[in-house]
Amino acid sequence: MSDEKVHITAERPLVIIMQGGAMLAAFGAGVLYELAERGIFPHTIASASAGIPTAAYYAARQHEDMRAVWTKDLRGNFVNVFNLLFGKPIFNIQHVLHEVLRKRNPLSVESLARSQTRLVIPLYNYQKGGTELRTNKDENFLEHVWSLLHVSLIVHPEHILYGTPFEQYIDGALDPFALYKEDFFPDNARVLVIWNESKFGMHPLKYIGQKLFIWLQLRGAPEGMVRALYKRDTMISEGVKAYEEFCIRRKPIVVQPNSSSLSELFTLLSNGGPALEGLFEHGRSKGRAVAEDLL
């Protein structure tokens with residue numbers, strides 16, 4: 001047993017559920033960094049999309065590498081906003097997985113598999129139309145870990161792993177409230193919810209952004225993927241109700257940024273490093289307050 005202040009075997013184990021949100025996930029990374037600095041590690045952490053690599057570093061006890069990723073390495077050829085207009089991927093997933101996660105700040109998948117913290121990865125099966133959960137405790141995790149990380153980030157048909165056992169999976173954040181509908185952690189757990197945006201329902205900016213993405217980014221996408229994206233506004237509306245019921249039932253600690261929107265996301269995409277560092281530091285300030293509640 002390590003000297004962690006929140007133990008896996010605590011009377012009330014800690015569970016963290018964290019939103020993804022592309023570049024907005026820098027906020028959640030800042031929160032997790034502060035928890036790790038204080039030796040706070042949970043029984044379970046679940047996230048989606050951009051939150052998955054962040055949660056993986058945290059569960060593997062590599063919070064300094066996580067910090068380096070968000071404050072130094074997600075720059076350069078990672079993002080190309082102009083690709084939106086041409087139907088090409090905005091985010092360079094191969095750059096993230098191979099250059100950032102494997103070369104610059106190597107994620108120890110062995111440490112992740114051995115970790116006392118269970119990492120829960122939601123994947124959306126667009127062929128069957130539902131969310132499936134994978135974890136670092138699955139028997140074949142080490143064999144498939146990089147494929148799991150890849151498909152957890154998929155938002156464009158060019159990134160689908162055609163011809164593999166993971167061909168039917170895309171980003172689990174397609175249903176951003178799926179984790180609040182699943183029973184995947186102990187009944188007596190304390191729950192910390194980290195949102196990376198202040199307005200997580202289907203507001204007008206999100207609706208417009210979603211429609212633009214469908215029109216400009218899904219050319220040649222499998223029918224099931226397109227169908228799932230068209231249903232996303234309904235999934236979000238239903239998901240908000242599920243989340244509200246979850247909060248009544250589980251009474252989580254909830255941490256959110258002071259403000260966020262799609263316009264802020266575009267600022268992050270265009271401004272790069274300085275904006276990401278600012279959002280990461282904002283998360284750290286929120287994380288310090290949350291740590292006091294947990295200890």
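Does S237 count as buried, partly exposed or exposed, and at what relative accessibility?

1. S237 counts as partly exposed, because its relative accessibility is 41%, and the cut-offs for that class are 20% and 50%. The model discussed here is a predicted one.

2. As to its place, S237 belongs to helix α10, which covers residues 232-250. Its C-alpha atom is 9.5 Å from that of F177, although 60 residues separate the two along the chain.

3. D171 sits in strand β5, made up of residues 169-171. This aspartate is buried and takes part in no salt bridge. The nearest side chain of opposite charge is that of R232, at 7.4 Å, whereas a salt bridge would require a side-chain nitrogen within 4 Å of a carboxyl oxygen.

4. What the D171 side chain does have is a polar contact of 2.7 Å with the side chain of S49. S49 also appears among the residues that D171 touches, together with Y124, V151, S152, L153, I154 and V155; residues up to four places away in sequence are not counted there.

5. On the surface, a nonpolar patch is formed by F82, L85 and F86. The accessible area of these residues together is about 400 Å².

6. Within that patch, F82 is placed in the loop between α3 (63-73) and α4 (83-86). F82 is classed as exposed because its relative accessible area is 61%, and the class begins over 50%.

Key:
Residues numbered from 1 in each chain as written. Predicted model: local features only at pLDDT ≥ 70, side-chain atom pairs only at ≥ 80, totals over all residues. Heavy atoms only, no water. Helix = DSSP H or I, 4+ residues; strand = E, 2+ residues; numbered from the N terminus. Buried < 20%, exposed > 50% of the residue type's maximum accessible area, 1.4 Å probe, protein only. Lys, Arg positive; Asp, Glu negative; His and termini not counted. Polar contact = N/O pair within 3.5 Å; in protein donor to acceptor, adjacent residues only side chain to side chain. Contact = heavy atoms within 4.5 Å. Patch = residues over 30% accessible without salt bridge, like charges linked within 9 Å, V, L, I, M, F, W, Y side chains within 5 Å. Areas by Shrake-Rupley, 256 points an atom, 1.4 Å probe, with all protein chains shown as cover.
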